[in-house]
Amino acid sequence: MTLMEFFGCTFIAFGPPFALFLFTVVRDPLRIIVLIASGFFWLLALLVSSILWFAVVPLREQLAFGLVFSVIFQELFRLLFYKLIRKADEGLKMVSQTDQDMHLEPKDFTNRHIMAYISGLGYGIISGAFSIVNVLADMVGPGTVGIQGDSHFFFVVTAFLTLSFVFLHTFWGIIFFHAWDKRKFQYAAIVVISHMLVSCLTLLNQRSETHTPTYWGSLIPAYIIMFLTGGLAFKIAGGSLTNLRAALTCSCKQTSYEID
């Protein structure tokens, strides 16, 4: 039973991100490099926030303190990674070109939203891995959640929250890069505020002597914000209802041809 719970929650949290990685990243070495580099920057943000948490001894027991500064450092390092990617554009172009296509502009650079998407996905995957890895380790047993009165929904809610954060970081990457490219800093503010809001909502999941976890109070708003930021990222990347309808129409037609 515990193994079933482990694999089920693992596939919930990382199934869709793995599909995105498989279909949009894995075939391009340059995209893999950018994805790993963005994950490394998230780790640097975690390191700096951990050092601050360790240094401020009186507030170590206050989870909100570490959470707020963790979000701030994540967004600062997202900005640093944006600056690095834009500075390295020319070098990355040379790396991605071969002798046969030196006169061509790689599509990853003609459409800057691709690099924003890859960096956001890398940020999200490493963030999700660190947020759920200890929970996954406990899932394999012995025993399971709920025996001593804890909520039976803990593991499932954790998996769905992890999935939402992976997608949120992907969408935030697109919006954040666009904000700095176009100098539309209101979009950057949306990213920081929504990141802080969703992260602070997870404080509702704490269990203490005086507080019972309210998982739905964090999970439902997180998915509402995820869909809203996803719609904004879709619009920023050039998407529209017409394009979406055309893509779905082509997909349906292709399926009908294969059936025939």
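**View 1. D181 and R86 pair up in a salt bridge in this predicted model.** The closest N and O atoms of D181 and R86 sit 2.9 Å apart. This pair ties together distant parts of the chain, with D181 in helix α7 and R86 in helix α3, 95 residues apart. The two partners have their own levels of cover: D181 counts as partly exposed because its relative accessibility is 28%, while R86, with a relative accessible area of 15%, is buried. As a general point, side chains of opposite charge can pair when their charged atoms come close.

**View 2. E75 and R78 form a salt bridge within helix α3.** Here the N to O distance is 3.0 Å. Both residues belong to helix α3, which covers residues 63–87, and they are three residues apart, or about one turn of the helix. E75 and R78 are both buried.

**View 3. R31 meets D28 in another salt bridge.** Their side chains come together at 3.5 Å, N to O. R31 has 11% relative accessibility, so it counts as buried. D28, at 24%, counts as partly exposed. With the pairs in the views above, this makes up the three salt bridges that the structure holds.

**View 4. T162 is tucked into helix α7 as a buried residue.** The helix runs over residues 154–181. Only 3% is left as the relative accessible area of T162, so it is classed as buried, the cut-off being under 20%. Setting aside residues up to four places away in sequence, T162 touches A13, F14, G128, S131 and I132.

**View 5. T229 of helix α9 reaches back to the backbone of I225.** The T229 side chain comes to 2.8 Å from the backbone oxygen of I225. T229 is buried, with a relative accessible area of 6%. What else does T229 contact, leaving aside neighbours within four places in sequence? The list is L168, F171, W172, I175 and S194.

**View 6. A nonpolar patch on the surface includes I224.** The patch is formed by F153, W216, I220, I224 and L228, and together they have about 560 Å² of accessible area. I224 is in helix α9, which covers residues 215–236. Is I224 buried or partly exposed? At 48% relative accessibility, I224 counts as partly exposed. Helix α9 is also home to T229 from the previous view, and that residue is buried.

How values were computed: Residues numbered from 1 in each chain as written. Predicted model: local features only at pLDDT ≥ 70, side-chain atom pairs only at ≥ 80, totals over all residues. Heavy atoms only, no water. Patch = residues over 30% accessible without salt bridge, like charges linked within 9 Å, V, L, I, M, F, W, Y side chains within 5 Å. Areas by Shrake-Rupley, 256 points an atom, 1.4 Å probe, with all protein chains shown as cover. Salt bridge = Lys/Arg side-chain N within 4 Å of Asp/Glu carboxyl O. Helix = DSSP H or I, 4+ residues; strand = E, 2+ residues; numbered from the N terminus. Buried < 20%, exposed > 50% of the residue type's maximum accessible area, 1.4 Å probe, protein only. Contact = heavy atoms within 4.5 Å. Polar contact = N/O pair within 3.5 Å; in protein donor to acceptor, adjacent residues only side chain to side chain.
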